[in-house]
Amino acid sequence: MLNAQQAQADRYQRFADLAPFIREAIGTIGALTSAQRTNVDFLEREFIPALGLNDELLHEQPPELPPNFGKGLHLWQYPNQLAPYLACLARNASGVSSYMEIGCRWGGMFILVTEWLRNSGADLKTVIALDPIAPTPFLSAYFDLPQQQAAIEPIYMQDVSTSPLVGAHVDRLKPDFVFIDGDHSLRGALRDHLLVRSRARIIVHHDIHSQACPDTTLLWKALKQFEAPSFDMFEFTSQYPSVNGSFLGIGAMKRRSAQM
């Protein structure tokens, strides 16, 4: 138990040491041109790796990207999946006023998507990061930035998505864009979907094409059928031939009131 606590403390300190990178990342995102935001090749090969990739479970990661592991935002995403997803968001950010991430963990993806939306024409009023762990150094640093405090209402909820408090916040804030990456059990991921389904215009599920996450992969297959009458579906599931297996994957659904 003591070793686990020390490992967690060491991990927090590591992210505390990296927290100053948040300002640099925000500047990098804000400096992109409109053309760059929809240039999938540029985003995949240059922009995303430069932001820094996660260094856990490296057997699931492309061996050609080692210089970027364990750095920056620690994005637990494949660049060849995240790039077309970001390009899609850039074309469809208009009208998004609230963003919620269920299962934000260290916060790199939350920061990237929030800034991506802000710089792509969204009129964000509220952003909500939800996770059972305490606010991480990344998120604390991000929420403390003066421009964040002035522009949007940042909310961090250290809780589980099944709590009455989270349900009350969803009822009050009615987030119109939700990224689901929390409980990866079939029941848990479905429950998170149902939590926001009646309110959100855009719902995104993570790990929809992963042998390491069979429940969320199965759920996405089911949702593509069950939600077809109301939502258009978009998948970002490209793999790297250098990796033995299939992992991660992003699935987005958008109500047919607008085109994606």
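Which residue caps the N-terminal end of α4? Select Asn39 and look at its side chain: an oxygen there lies 3.3 Å from the backbone nitrogen of Asp41, and this is how Asn39 caps the helix. Keep in mind on this tour that you are looking at a predicted model.

**Stop 1: along helix α4**

Now select residues 40-51, which form α4. Try a quick check of the helix length. At 1.5 Å a residue, its twelve residues should span 16 Å, and the C-alpha atoms at the two ends are 15 Å apart, so the two values agree.

Next, show the side chains of Phe42, Leu43, Glu44, Phe47, Ile48, Pro49 and Leu51, the buried residues of this helix. Their packing partners are α2 (21-30), α3 (34-37), α5 (79-92) and α6 (108-118), so colour those four helices too. Before you leave, step just past the end of α4 to Gly52, where phi is positive, at about 100°.

**Stop 2: the nonpolar cores**

Two residues from the last stop, Leu43 and Phe47, turn up again here. Together with Tyr85, Leu86, Leu112, Trp116 and Phe177, they have the most contacts inside the largest nonpolar core, which has 61 residues. Helix α5 gives the largest share of this core, eight residues. A second core is separate from it and has 22 residues, including Ile128, Ile180, Leu195 and Ala200.

Zoom in on Leu86. Setting aside neighbours within four places in sequence, you will find Leu86 in contact with Arg37, Leu43, Phe47, Ile48, Leu112 and Trp116.

**Stop 3: Leu117**

Move to helix α6 and pick Leu117. Is Leu117 buried or exposed? Its relative accessible area is 1%, so Leu117 is buried. Beyond its neighbours within four places in sequence, Leu117 is in contact with Ala93, Val96, Tyr99, Ala122, Leu124 and Phe177. For a distance to try in your viewer, choose the C-alpha atoms of Leu117 and Lys71: they are 23 Å apart in space, and the residues are 46 apart in sequence.

**Stop 4: a cavity**

Rolling a probe the size of a water molecule over the atoms shows where empty space is left. How many cavities of 30 Å³ or more are there? The count comes to one. The largest cavity holds about 70 Å³ of space.

To see its walls, select Ile180, Asp181, Gly182, Asp183, His184, Ala189, His205, His206, Thr216, Leu219 and Trp220. Strand β5 (202-206) and helix α11 (214-226) each supply at least two residues of this lining. The largest share, three residues, comes from α11.

Technical notes:
Residues numbered from 1 in each chain as written. Predicted model: local features only at pLDDT ≥ 70, side-chain atom pairs only at ≥ 80, totals over all residues. Heavy atoms only, no water. Expected span 1.5 Å × (residues − 1). Buried < 20%, exposed > 50% of the residue type's maximum accessible area, 1.4 Å probe, protein only. Contact = heavy atoms within 4.5 Å. Polar contact = N/O pair within 3.5 Å; in protein donor to acceptor, adjacent residues only side chain to side chain. Core = buried A, V, L, I, M, F, W, Y, C linked by side-chain atoms within 4.5 Å. 1 Å grid on protein atoms, 1.4 Å probe; cavity = no way out; pocket = protein on both sides within 12 Å on 5 of 7 lines; lining within 4 Å. Points joined across faces, edges and corners; volume = space filled by probe spheres on them.
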